[in-house]
Each structure stands twice: as structure tokens, then as C-alpha cells.
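Please take a look at the structure below. A short report on some of its details follows.

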Amino acid sequence: MRNNPKNASSVSSKRDGEKGSAIVIALFVLVLLAGFVALATTRTASEAMSVANETAEGRALYAAQGSLEMMTRRLNNHFGKKLRATTSDLDAIRDDSQIRAVEGFDRYEFDQKIGEIGMDEDQKYTVITGGPFSGLFAGRDHYRLSTTVTDPNGIEVELARNVIANRIPIFQFGIFYDDDLELFRPPLFSFGGRVHSNRHFFLSPGPDGVYFDSRVTAAGHIVTQSWRNGYSGDNYNNTYIKDAYGDFQQLTRNEGSVLNGGGNILRNEPTPKCTAVEDFPGSVNNAGWTTAQAKFGGNLINRAPELRLPLKIGNDCDSMGDLIEIIKRPKNIGTDMAVTDATKNNTNPTVTPVTAANADDDIMKESRYANKPGIRISLADTKRRLPGCAAAGSAVCGKNLMGGMIGTGVNSDTRVQRMSGYDITPLNALRFTQSSDIDLPTSESDTKGLWVKVESVGVDDTTGAIVTQDITEEFLSLGVTDLPENLADTCSGLSSGRSCFVGRSGYLAVNGTVTSPSSNLTATSAQTASVYKDSRSIIKLQRFSIPGRTNNDYKLTGTDILGYRQTDSNKWFYYRNATGGISENMRVHGNTANSGALSVHDITVEPIPIKMFDGREGLYYDQRSTTYYPNTYFNSYNDLSRNGVMSMVDIDVANIRRFLRGDFNALFPSDTVFEQTTGNTLRNTDIPEDGGWVLYVSDRRGDFDFDGEYDMEDIYGASGSIGNDGILQNGEDANGDGVLNRRYGNNESDNREAARYRHTITPEMAATQDYRYYRRGIRLINGTVLPGIYDSATPANTKGFTVSSENGVYVKGNYNATGLSTAPASNANSPYNNYRPFDTATHIPASIVADGVTILSNAWNDGQSFTTVLLPSAPSQSRIAATTTIRFAMISGDTIATRSETPHQGSSVSGERTNGGVHNFKRFLEHWAGQRLDYAGSLINLYNSRNANGAFKCCALVYNPPRRNWVFDSTFLNPNRLPPGTPYFHYVQTTGFMRTNE
């Protein structure tokens with residue numbers, strides 16, 4: 001077969017054409033592939049760049065979050081120390097050095113800002129909503145924190161957050177205890193206000209019932225079957241708490257959060273104390289607690305958050321965290337003194353100027369009442385122990401009253417000038433020499449005496465520094481002597497050789513026109529000052545007479561006599577034969593038959609120290625027993641334990657009101673430290689204030705180691721030991737250092753800080769001379785009307801008055817109240833608005849902050865405190881109280897409650913080894929016998945007492961209680977009605993982050 005060439009050529013051409021098309025297609029595919037590759041490469045690069053940018057932005061976001069967190073933390077820390085933020089404070093908060101110091105963040109630029117957000121007035125003080133403190137009123141400041149972070153490539157992130165700084169005033173609580181709260185078998189108790197314990201609440205009602213009308217919370221447990229001392233014999237079920245709808249619901253004794261049992265829940269919840277022995281009664285969880293709790297609608301809570309003051313934040317287990325520091329003296333480097341030894345029982349403590357190691361930090365400075373705006377009064381045995389005087393040397397720093405109190409004095413340390421047209425009585429140094437006999441550590445070599453320093457205290461708004469001015473000479477020019485009381489009006493009719501003691505008409509007539517010291521107190525503008533001798537004194541250290549009894553005639557040794565003037569059988573007078581050297585100013589009057597120079601036969605009435613006997617401190621046991629009061633020491637119950645003899649500094653509240661409203665302006669002497677410093681004589685407007693004044697008083701005479709604590713914790717003892725057995729027992733370690741502090745002497749000649757219970761003294765000697773021991777009290781007298789004003793037209797202008805002391809404070813008679821508008825019903829308490837005056841100019845916001853607060857009724861009698869304490873036959877016939885009305889918030893301490901053991905204090909109603917509970921938080925020394933104590937205020941317990949540390953005793957020799965007509969003062973819920981210096985809890989609320997483009 002032959003091939004066809006035409007057909008072969010045709011096929012070949014067709015195949016060549018197909019080859020060309022394939023090349024084109026291949027080239028096209030290659031182009032497409034190249035495009036795809038190029039596109040993929042470009043997209044990958046873009047995506048890589050985008051991822052890098054997102055990563056950088058994310059890192060910048062984290063840096064911004066870290067920046068805000070650090071600013072928030074610094075803001076939190078700031079409001080843990082201070083209530084307000086100054087411009088310099090805000091500068092420190094926004095400083096970026098801290099965030100830049102974090103590794104990796106130093107490559108960023110930070111623009112940190114903080115500003116306060118303006119608020120309407122009604123937003124600045126409001127109720128907290130949400131969170132653990134919901135329902136509490138708080139002062140509020142709103143801040144906006146923002147930060148702009150820029151990385152090296154210019155990537156920028158802006159974040160912001162809002163912060164609310166809440167200030168919760170402590171007096172918003174009716175009752176607040178930093179420790180265990182106890183209420184056991186009281187009479188009708190219906191106090192009101194919110195109740196909180198930072199530990200456990202031991203709640204056992206009496207037959208009359210216990211009623212709470214607000215929320216009750218405890219960081220620990222609600223204990224209803226056992227008292228703190230382990231007593232479980234009560235079976236009352238009448239505790240009532242209002243639910244969320246305002247209706248009372250019953251809490252029975254079987255409905256607490258724990259029940260009696262073999263467990264130890266109370267020891268472990270909340271966190272145990274650092275050093276205290278946790279000797280709680282046995283306890284187990286109550287399986288029915290959730291059901292019982294539900295009926296109160298959130299108004300009965302256990303395991304609630306603790307509320308902490310700034311001083312306790314992060315300082316639970318060191319001295320900085322002990323809240324008693326708020327009432328102690330400041331410690332400034334080089335200018336103040338402090339004890340540096342570790343034990344309270346050595347014989348030669350080291351007391352030296354404060355160093356950086358024990359100086360106050362910013363939190364402590366802010367917390368101390370001694371640094372609050374107002375007036376600070378300090379007493380000590382030496383110049384160096386006065387505030388600011390440790391390194392004074394020969395420079396004037398305070399005054400020594402032992403060297404001559406008026407006129408030119410012997411040197412600049414003792415000079416006190418007179419006020420024109422006004423006389424004062426010099427100090428009777430013979431009766432104060434005992435206080436200067438105290439041994440001092442060998443590190444001190446100052447001249448011992450009775451040293452006093454008075455200062456005005458203010459705070460520099462820019463730096464926060466404490467600023468003081470010495471006004472000692474001005475205050476001493478007012479005098480230190482209580483007015484002569486109930487002396488004879490005339491000497492006429494007395495035969496030669498008889499003694500007379502001229503009183504108001506004769507004595508005052510030679511001193512100019514009389515202006516009664518009790519008149520015009522309600523005036524709000526300056527009044528004419530009284531002109532007769534000693535009528536202006538604020539600080540009172542001595543008096544001419546003391547109240548007495550009609551059936552005793554006590555004799556002093558030698559030619560000194562303590563007796564009764566015939567025409568006034570209710571007063572003791574200290575008489576002294578005028579054997580020479582008696583200044584006219586040192587006596588009231590002599591015999592009119594010898595009106596010229598005093599003769600040896602004349603008798604003078606001389607001033608004596610102000611003393612009283614505190615049975616709670618001085619009595620070891622609250623029942624008559626020769627085991628505890630043997631005749632060997634107590635002379636058939638006629639002699640007293642030195643441990644309870646209190647040397648008083650009386651503060652005349654009426655006269656300090658006169659000073660602070662301007663009565664004494666232009667009357668103070670010139671050429672004083674203050675006048676030389678300021679260029680003007682002292683005026684009331686020279687005293688700094690912040691919503692009123694804080695008067696701080698500290699008397700450390702006799703404080704051997706100078707720590708502001710009475711070193712006699714040995715309050716229990718084996719049977720027959722009369723206390724002081726030298727063995728550390730539960731309930732004795734008040735300062736929690738694990739040591740039984742007992743700096744007492746072995747006999748009467750030892751000059752030490754404390755006295756043993758068996759160290760005794762006769763009543764007449766105790767009443768007329770000062771002595772070496774550190775038994776000092778501050779007493780508020782004439783306090784019906786306080787310094788300050790309530791301005792109803794402009795409430796923000798209201799000025800209040802606070803008294804604070806590291807000593808025990810005694811309140812004598814009506815305080816900040818004249819009485820009630822109507823008497824309370826027998827089964828109810830008076831509402832807070834029944835106290836008078838109410839919402840007038842003299843309704844003053846007031847508080848008392850002290851080691852312990854003791855109430856002395858309108859009928860209190862110093863003389864009876866010496867003569868009837870140990871009379872066992874009819875104790876109810878002595879120290880009879882009278883109904884008394886007081887109105888103030890109080891911060892105070894109590895003694896340590898523990899399990900009941902033998903020995904104990906002999907208290908009745910099964911109260912052995914308790915602290916008396918909140919119903920005895922205010923202390924008593926009288927037989928009230930049904931008389932009322934009307935009280936409106938707030939009860940705050942923050943620490944264990946260090947000076948008034950005698951065990952709780954009731955109800956035989958020391959006192960029996962009043963009818964407790966008590967109520968929470970709801971005016972404290974108004975921010976303009978809080979007392980000056982009120983402590984605040986701090987609670988900072990924050991929002992989340994917000995991206996911004998500001």
C-alpha cells in the first residue's frame with residue numbers, strides 16, 4: 001500500500017500549529033503563575049507587616065494596662081495614708097519612673113495623667129452601692145486615670161479608668177469592735193446603728209431582750225450559746241434584729257453561726273491574732289445557720305470583710321499596726337524621746353532621742369490625734385521628755401512649775417508672766433515633790449520637776465508637715481488652780497484665836513468685779529472675761545478643798561490637818577500651821593485677829609494636788625475578803641492600795657470654750673515665745689482647726705520607761721497572793737509582747753513606775769499629795785457646753801470638739817448636753833433628737849478618744865472615793881450616782897477577755913475574766929441604784945487599754961450599773977456633724993479599662 005504525501009503534509013502542519021498554541025498557553029500559565037507568586041509574596045509581606053503592627057500594638061496595650069495598674073496601686077496606697085490628695089501627691093501618683101523601671105518597658109514613652117472629676121455636692125457624700133460595704137455612707141472623690149503609651153515606631157495606645165476613693169467615717173457605726181464584741185445578759189439593750197466586729201460577736205441577751213435596728217456583721221462568727229469566758233448557763237432567746245423590710249426577727253440561742261462543741265472554729269476564723277492566746281470556748285459549725293440567717297434578709301452576716309484603718313493595713317503583727325498608737329505621743333527624729341529597750345522589766349531602760357529606726361512614718365503621723373489641728377498639752381518629769389525638747393539644751397522648751405510659777409521666776413524655764421489685772425495661785429510645790437522623786441534611767445540627767453508644754457498644732461496644706469507653736473506661758477498665765485469652793489462668806493463674829501477661811505464674798509471682793517465663770521457660756525461671740533483669781537484656768541493641777549463625808553475627821557501627820565470646816569461638813573480642807581515661809585498667794589486667808597504678818601498660831605488653807613481613787617484600778621477583788629484585803633496591809637479596810645490613787649489633770653471645758661471664742665484676746669502677756677515668733681499676743685484665731693479643734697492631753701509623769709503605758713500587767717494572782725504573783729496568765733498581756741510587764745517596786749521606797757496591790761496608803765495622805773507612780777488621769781469638768789458651734793444656716797461652717805489622751809479620761813457630770821426633752825418610757829430608750837440642746841448653736845459634734853473612758857455622775861464625790869471604797873457593810877450607801885446626760889462618740893480600749901479561771905477578779909453575774917462587754921464599755925465607779933445614764937453617741941473599741949488596765953469588776957465594791965438609756969447619735973450620718981479628727985476607713989472602687997482617643 002502506498003502512502004499519500006498530501007495527507008501527510010496536512011497532518012504535519014496541524015501538529016506544528018498545536019505546538020505553537022501550547023507554548024502560548026504555557027507562557028500564559030507562567031505569567032499567571034508569576035503573577036500569583038508575586039501577589040502571594042506581596043500579600044505575605046503585608047500580612048507579616050500587619051501582624052507585626054498588631055503585636056506591637058498589643059505590647060503597647062499591655063504597657064498601658066501596666067501603667068494604669070501601677071497608678072491605681074499608688075492611688076490606693078495614698079488613700080491608705082491620707083484622706084485627701086494634694087497637687088504634689090497627684091504628681092507622685094502620675095510619675096512614670098516606676099513603670100519605666102519595669103524590664104522591657106523602658107523602650108516606651110508614657111504620658112500618665114490623673115485628674116479629679118468634679119461632682120455636685122450631693123454626690124460627694126452618698127451611700128455606697130454594691131460591694132462589701134454596701135449601705136454605708138461615704139465621702140467620695142472621683143479621679144480619672146489615663147495613660148498614653150508610644151512605642152519606638154510611633155504606635156500609640158490610650159487607656160483610661162475611673163476611680164472612686166471612698167472615706168467611710170468610723171462613727172457611722174453604732175458599735176464597732178476591732179476585737180471580739182461581747183454582749184452578755186444586759187438589761188434592756190436597744191442602742192441602734194450599724195454593728196460590726198472584726199472578730200467574733202458573743203451575743204447572749206438578758207430577760208429584757210436585745211434589739212438591733214440595723215445590719216449586724218462579724219468578720220468571725222455570731223456566737224449565741226456561750227459567753228467569751230465559756231459560761232453557757234443562759235437560756236434566753238429574746239434577741240431581735242430587723243430584717244431588710246424593717247421588721248424585727250428573732251434570733252434564738254441555737255441559731256448562731258457556731259454552736260458549743262469540741263471543735264476550735266473560733267480560734268481559726270478569722271486569722272488568729274499574732275501573739276494572743278486564743279483560749280476560746282469549744283465551737284462547731286451550725287448546720288442550720290443558713291436557714292436562720294436567711295430570715296434577716298442580709299442584716300445578719302458572719303465571715304464579713306474586716307474593716308481596717310490605715311494604720312493596720314499591712315501592719316497586723318508589729319507595733320505599727322497597734323491601733324493604740326493613735327492616742328500616743330508623736331516620735332520625731334531628734335526632737336522627741338522614746339524607749340528603745342526590748343523588755344519592760346529591766347531596771348535601767350534606754351530612753352534616748354528618737355532615731356530614724358523608730359520615728360513615725362507618714363501613716364503614723366497622719367493617724368495620731370496628737371498631730372490633729374488644735375491644742376496639745378504635755379506633762380513630764382524632765383524637759384527632755386516634753387515634745388520637741390529632747391535636744392533643747394539651755395533653750396526655752398516648756399516650763400518647770402516646781403521652780404516658781406508666776407512673776408519672773410528663777411530662770412526662763414520657770415518664768416510665767418501675769419495677765420494684766422488678774423492673779424493666779426502659785427503651785428504648792430511641797431505637795432508635788434513626790435512626783436519628782438521618781439528614778440530615771442541613767443541615760444537622762446535633766447533636772448526633775450513638774451514640766452509642762454502647751455502647743456498649738458496645725459498641718460501645712462502643701463507639704464503635710466505638722467506645724468506647732470509654743471503657747472505654754474499663755475496657758476499657764478490663766479492659772480492651774482481650781483476655784484476655792486464653799487468657803488466661809490465672812491470672818492465676822494469669830495473670836496481671836498479661831499480660824500476662818502474667807503469664801504466668795506470676802507475672798508472675791510478684793511479681786512475686782514465678779515463675772516461668774518458659768519455665765520454666758522451659750523454665747524457664740526466673745527464675752528467679758530472674769531477677773532478674780534484662778535477663774536480663767538483651763539489646766540487645773542491643784543485645789544483648796546475636796547468633797548468629803550460628815551462622819552470622819554482625818555488627820556495628817558505633824559502640824560498639817562485634813563479636816564472639815566465647821567460651817568461646811570461636806571468639804572475637806574487641807575490646813576497647815578503657818579510656821580513661816582508661807583506666801584500670801586499660797587493661802588486663802590488667815591485669822592482676822594492677826595491681819596498683819598502671819599504668826600505661828602495662824603492656820604492657812606493651802607492648795608493640794610487633785611486626786612481621786614479609782615476602785616476598778618485599785619481593788620484587786622470585787623468582794624469583801626480578808627484573803628485579798630488582809631489587815632496586815634489594809635488596816636481593817638481603812639487603807640487604800642496606791643495602785644488606784646489617780647493624780648488628775650482637770651480640764652475646764654467651759655474655760656477652753658471661753659478661750660476659743662475669744663474672751664481672752666488682748667489679755668495674754670507679751671514677750672513670750674509665741675509673741676516673739678509671731679509678732680502678736682495669742683488670739684483664739686491663732687489656734688488651727690479643721691472642722692473644729694482636737695485637744696490632746698498627755699501626762700507621763702512617773703512613766704519610768706517613757707512609753708505611755710502603765711507597766712503593771714500582773715492583775716491576777718493565786719489565792720492569798722493579793723495579786724501580783726509574777727506569773728503571766730491569760731488576760732494579762734495587754735500589749736501582746738509575750739512578756740508580763742511589771743515594773744513595780746519590791747517595797748515602798750523603790751521609785752518605780754507601778755505599785756503592787758498590797759502597797760497601801762491612808763486616805764488622807766492619798767488625797768493631799770502627789771506621788772511617784774505613773775497613775776495619771778485626765779478629767780473633763782464643766783463640760784455642759786463645749787467649744788464650737790453648729791451652724792444650721794451653713795452646716796459646713798460647723799465646728800466640733802474632740803478630746804484625746806493616752807491616759808484614761810474621766811468625764812464628770814453632764815457633757816455636751818443639759819438633759820432630755822422628756823424622760824424615756826420604762827421599756828424604751830430616748831431617741832437621739834430628745835437630747836438637749838438639739839440643732840441649736842451649742843449642739844456640738846463631739847468625741848473622746850482615750851485609753852479608757854470612765855463616767856462620773858453629776859453627784860460624784862472625790863472624798864467619798866477615798867473613804868467608802870472598802871466599806872463592806874453598806875456599799876450602796878456610798879458613792880450614790882445621779883442621773884447624768886452625755887453626748888459624744890468615743891474611741892477607747894478595754895481589758896482582755898479570756899476563759900474563766902481561778903483566780904479572777906471576783907466579779908458577779910458570772911462575769912469573771914470578761915471585759916464587761918459593750919454594755920460596760922463606758923466605765924463606772926458609783927452605785928447608780930436605778931439612776932439613768934443618758935448617752936447618745938457611737939461606741940468604738942480599737943485596742944486593749946495600757947493605762948486603765950485593771951480587770952473589769954462588777955457589781956459589789958466598785959459599782960453597780962445605771963439604767964442604760966443609750967442611743968446611736970444619728971447626726972453622725974451627716975458629714976457636717978462629724979467630730980474633728982474622725983478616723984476613716986478607706987475603700988477604693990475602680991472601673992475596668994477604656995480605650996480612648998483624648
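Which handedness does the link of Cys954 and Cys955 have? The link is right-handed, with 85 degrees about the S-S bond. Keep in mind that this is a predicted model.

## Two disulfides

A disulfide is a covalent bond between the sulfur atoms of two cysteines. The structure holds two of these links. One joins Cys954 to Cys955, with 1.6 Å from S to S. Cys954 is buried, at 3% relative accessibility. Cys955 is partly exposed, at 28%.

The other disulfide joins Cys389 to Cys397. Here the S to S distance is 1.9 Å. The torsion about the S-S bond of Cys389 and Cys397 is about -85 degrees, so this disulfide is left-handed. Cys389 is buried, with a relative accessible area of 1%. Cys397 is buried too, at 5% relative accessibility.

## Strand β13 and its partners

In a regular strand the side chains alternate between the two faces of the sheet. Strand β13 covers residues 239–242, and its side chains alternate. Thr239 and Ile241 point to one face and are buried. Tyr240 and Lys242 point to the other face and are not buried.

Which strands pair with β13? Strand β10, residues 210–212, pairs with β13 in the parallel sense over three bridges. In this region Phe212 stands opposite Ile241 of β13. Ile241 is one of the buried residues of β13.

Strand β14, residues 248–251, pairs with β13 in the antiparallel sense over four bridges. Phe248 in β14 is the bridge partner of Lys242. The hairpin of β13 and β14 has five residues between the strands. In this hairpin, Gly246 takes a positive phi near 85 degrees.

## Strand β34, a covered strand

How many of the residues of strand β34 are buried? The count is eight of its eight residues, so to speak of this strand as mostly covered is fair. Strand β34 spans residues 692–699.

Strand β34 pairs with two strands described here. With strand β20, residues 374–380, the pairing is parallel and runs over six bridges. Val697 in β34 is the bridge partner of Ile377. With strand β37, residues 800–805, β34 again pairs in the parallel sense over six bridges. Val803 in β37 is the bridge partner of Leu695.

## The buried face of helix α2

An α-helix has 3.6 residues a turn, so residues three or four places apart point the same way. Helix α2 covers residues 87–94. Which of its residues are buried? Asp89, Leu90 and Ile93 are. Seen down the axis of α2, the buried residues fall within an arc of 95 degrees, so they line one face of the helix.

## Aromatic pairs

The structure holds 32 aromatic pairs. One of them joins Phe105 and Phe110. This pair is tilted, with 45 degrees between the planes and 6.4 Å centre to centre. Phe105 and Phe110 are both buried.

Phe888 and Tyr935 form an edge-to-face pair. Their rings are 5.7 Å apart, centre to centre, with 75 degrees between the planes. Why does this pair tie together parts that are 47 residues apart in sequence? Phe888 lies in the loop between β43 (884–887) and β44 (889–894), while Tyr935 lies in strand β46, residues 932–937. Phe888 is buried at 1% relative accessibility. Tyr935 is buried at 0%.

## A ring cluster and two charges

Phe888 and Tyr935 also belong to a cluster linked by ring pairs. Its other members are Phe189, Phe191, Tyr815 and Trp966.

What lies over the face of Tyr935? Lys922 does, at 3.7 Å from the ring centre. Another ring has a charge over its face as well: Arg977 lies over Tyr790, at 3.7 Å from the ring centre.

Terms used:
Residues numbered from 1 in each chain as written. Predicted model: local features only at pLDDT ≥ 70, side-chain atom pairs only at ≥ 80, totals over all residues. Heavy atoms only, no water. Disulfide = S-S within 2.5 Å. Buried < 20%, exposed > 50% of the residue type's maximum accessible area, 1.4 Å probe, protein only. Pairing = 2+ DSSP bridges. Arc of directions from axis to C-beta. Phe/Tyr/Trp six-rings, centres within 6.5 Å; stacked < 30°, edge-to-face > 60°. Lys NZ or Arg CZ within 6 Å of the ring centre and 35° of its normal.
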